[in-house]
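Got your viewer open? Let's take a short walk through this one, a stop at a time.

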Amino acid sequence: MEARDSLWASGRDEEVQVNQRALIDKVLARYSGEHTVLRELLQNSDDAGAKTVEIHFNTRAFLEQTKPKAPNTNPDTNASAPKLPDITKELLHQWEFRNDGVPFREEDWNRLKKIAEGNPDEEKIGAFGVGFYSLFSITDEPFVTSGGQWMGFYWKDNKDQLFARRGTLPPVENASTTEASRATSNPWTTFSMPLREASTFPARPIDIARFLATSLTFMRNLCDVSMFFDEHQLVRVTKSAGRPRSIPLPGNLNPRSGIEGTMVVDVKLIRPPDLHIQARILRWVYASGSEKPPPVPRIIEAVTKFSGGGGFFSSLISSFAGSSAPTPAPTASPIPEPDLLEALESSVMLTIYNARVETKLDRKTTAELERATKKKPPSVCWYSLIFTGKDEFDASKEEDLKEYKSTGSVFQGLRADMEGSGSARVFIGHATSQSTGIGGHVSARFIPTVERESIDLVDRQVSKWNLELLWIGGYLARFIYESQLSSIRALWDASFDPTRDDLPQATKEWLEAKVLHTLRFFTFYPTTPSALVGINMEQAFFNCAKDPKSFPIISTAGIKPASMVRWFSPEFSSFMKKLPMIPESITKNATPMLAALRKRGIIRDLTFGDVIDELGRTPLSEEEMIECLKWRIGLDTAEVQAHNEELRRQFLQAAVLMVKDGAEDKIIPLSTIRTFLSTSNVIPPNCPLPQHTLPFSVSKHFKADSLKQFFAWTDLTLPEWVEYLLSPTSTFPPDARLTESTVFAERVLGVIAKPWGNLPKHQINKIVELLGNQPVIPTRSGLHKPQEA
């Protein structure tokens, strides 16, 4: 050790040099996302408190117009206006970006010269200090003006070391020369970027406009962005927020993750202001096309697929189109060329739920995060999620059918992702490449990777912060879901018709469609590039509830807790009409979400016990009882057979049949049934039958063997029937009394006589015993006993 110290003392210092050009190139290589320069400058503008931004794309010809043209004293009144060029092919020579934020302070100018020295303000998004240097991806000499001062960058001697030169702007004519006046006379902070090589627009103008509309959504200050091509304002996007309102936090959801550690993240307030975004875009922009047109309707895809080949479909389509030599149509009037400078206006209304998040960290965790991000973690931040209701989603799709149907709406990037395509993104100031897995964009103070394309879930301390915020995301999603279902429950209750014991069918379908939309919106699909984002948000979505079984879901009986609702089964729906089940339209169209609910045991299949409980509460009509008995007979499995006696007892004790008896309803517990009438039985079903006999309107739908096997019922015999007709406790109408009505007695004897020769001897003996001393033989002098007739 002493030898090393001695050597060190005898040495000399040498400067460690950095190839700044190579360093900047390597940093920019990690910024692979779209619109990187615009993204960074927009974020810097928002951090500076700017309300307005202008982006200018200029050609050389426009930049060289330093002198006004001499007036034309002999204008040609017949000359047509010059034809506008194809802006996608025009070569640009300079980009210029302006914002009206707070002018640069001395520390801002100093930080501009330092690579990787981020903004230390914890309220600002910028963290890594490389955003400004994204300009070097398109220019070698960026030039910045702000507050009456300027700074230019250049590569000295065209080598690898970057230098900056700074100065003061000349005073504005007829203005004071003080520094304060220079700062106020020009409110813009401007970034001029002469392009390294002349090039076309960085993307189709409509796609840039779509990026601007999406970016503006989560900006805290910025509310007005314009894009120019030379002197033409191609695009202007503005936003205005409605009056925010606070919603009380629900007591059944836990906003804290419960993750063990030294960090507490808690939601204190939720505000869902409506956001109105308007766009004014020249037809010229829409005419230039899009790299991301709206999807082709499926019916068109199908026709295109089949019309390409021969066979039936091609001949069918050609028959609609006409023969190969159609009759010439009348010459149509020429359609006038549209005015490309006409401004088309459109707008969208969004609901953004904002959760106010408060954080408490110990000193060690705070220091670790400050080391990673070069700033203190915020004590208060906001977590935002865009929710698009069904009506708003349908309206957004209609936007694509308007004037700009070939390119898609400028608000296409804000539309809910209902198919799990991954277009809903995590915003950290701007959109990252990280998908949310659900239908809407989210924005929060996640700590990103250096290139700001995804969430950092690798660094030990940073990942703790991000995981806590992912929990808040799942909590907020669950809060919105329950809020939507609560609103739908109120609509259901208000529309309920007590006279029908149901809702009007059209209303029910409308409400089911709203729930279906909400279920699909909050379906968690796999996320990219990090699958952990979706996994953690989904866990929070389900686990933040203090009672997992309280998950609200639509059923055939309205919005109910999942513990009361069962999976839809066609074999049950025909007779279990009072038991809440998932409607069939939901089971068919919300498969991923319902699969997740079933996997977690939140929704259960309907069990034998559920059927028994429901049968004990509600009598069944004849039609419902027929379906119920069919279901019970269909349970011919090994497990059921092993417990057949007990299951039979439970079933018969619970089931109750309700039949019409004149103007009144007659209740028949199945536990009182011992017999039935088969279709081969000679006893007429319209004659009086014992109370223990299943009505023929039910039994005729079943084979006798099934009723005997599963319910231990027997086919009603003639002796049992005769004994019932002679029972003194039975009350029959006069024309159905065996010992008083000659006509009825003759009918009964005819029924007995028909199978008499084939009856078992014991039945014959029983009938003889029953009728032997009864006046049942019709004579001219009335009814007499057999020995008297």
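**First stop: a helix with two sides**

Select helix 11 and look at the face turned away from its buried side: the exposed residues Arg363 and Lys364 sit there. Keep in mind that you're looking at a predicted model.

Now, which residues of helix 11, running over residues 363-373, are buried? Pick out Thr365, Leu369 and Thr373. These three span an arc of only 55° around the axis, so they end up on the same side of helix 11. That fits a general rule: an α-helix has 3.6 residues a turn, so residues three or four places apart point the same way. Step just past the end of helix 11 and click Lys374, which has a positive phi of about 65°.

**Next stop: a pocket**

Head over to the second largest pocket, with a volume of about 800 Å³. Its lining counts 31 residues; to find the centre, select Phe218, Met219, Arg220, Asn354 and Ser384, the ones nearest to it. Then colour strand 12, which gives the largest share of the lining, four residues. Helix 3 (36-47) and strand 8 (232-241) are among the elements that each supply at least two. Colour by class and you'll get 14 nonpolar, nine polar and eight charged residues in the lining.

**Last stop: the shaky parts**

Switch to pLDDT colouring. The mean is 84, and 84% of the residues reach 70 or more. Residues 296-325 are below 50, and this stretch has seven contacts beyond near neighbours in sequence. Finish at residues 67-73, where pLDDT stays under 50 and there are zero contacts beyond four places in sequence.

Definitions and conventions. Residues are numbered from 1 along each chain as its sequence is written. This is a predicted model: local features need pLDDT of at least 70, side-chain atom pairs count only at pLDDT 80 or more; totals for chains, interfaces and linings use all residues. Side-chain values use heavy atoms; hydrogens and water are left out. On a 1 Å grid over the protein atoms alone, a cavity is a set of points where a 1.4 Å probe fits but cannot get out, and a pocket is an open set with protein on both sides within 12 Å along at least five of seven lines; lining residues have an atom within 4 Å of a point. Grid points are joined across faces, edges and corners, and a volume is the space filled by probe spheres set on the points. Ala, Val, Leu, Ile, Met, Phe, Trp, Tyr, Cys and Pro count as nonpolar, Asp, Glu, Lys and Arg as charged, and the others, Gly among them, as polar. pLDDT is the predictor's confidence in each residue, from 0 to 100. Contact means heavy atoms within 4.5 Å. Buried means under 20% relative accessible area, exposed over 50%, partly exposed in between (1.4 Å probe, protein chains only). The arc is that of the directions from the helix axis to the C-beta atoms.
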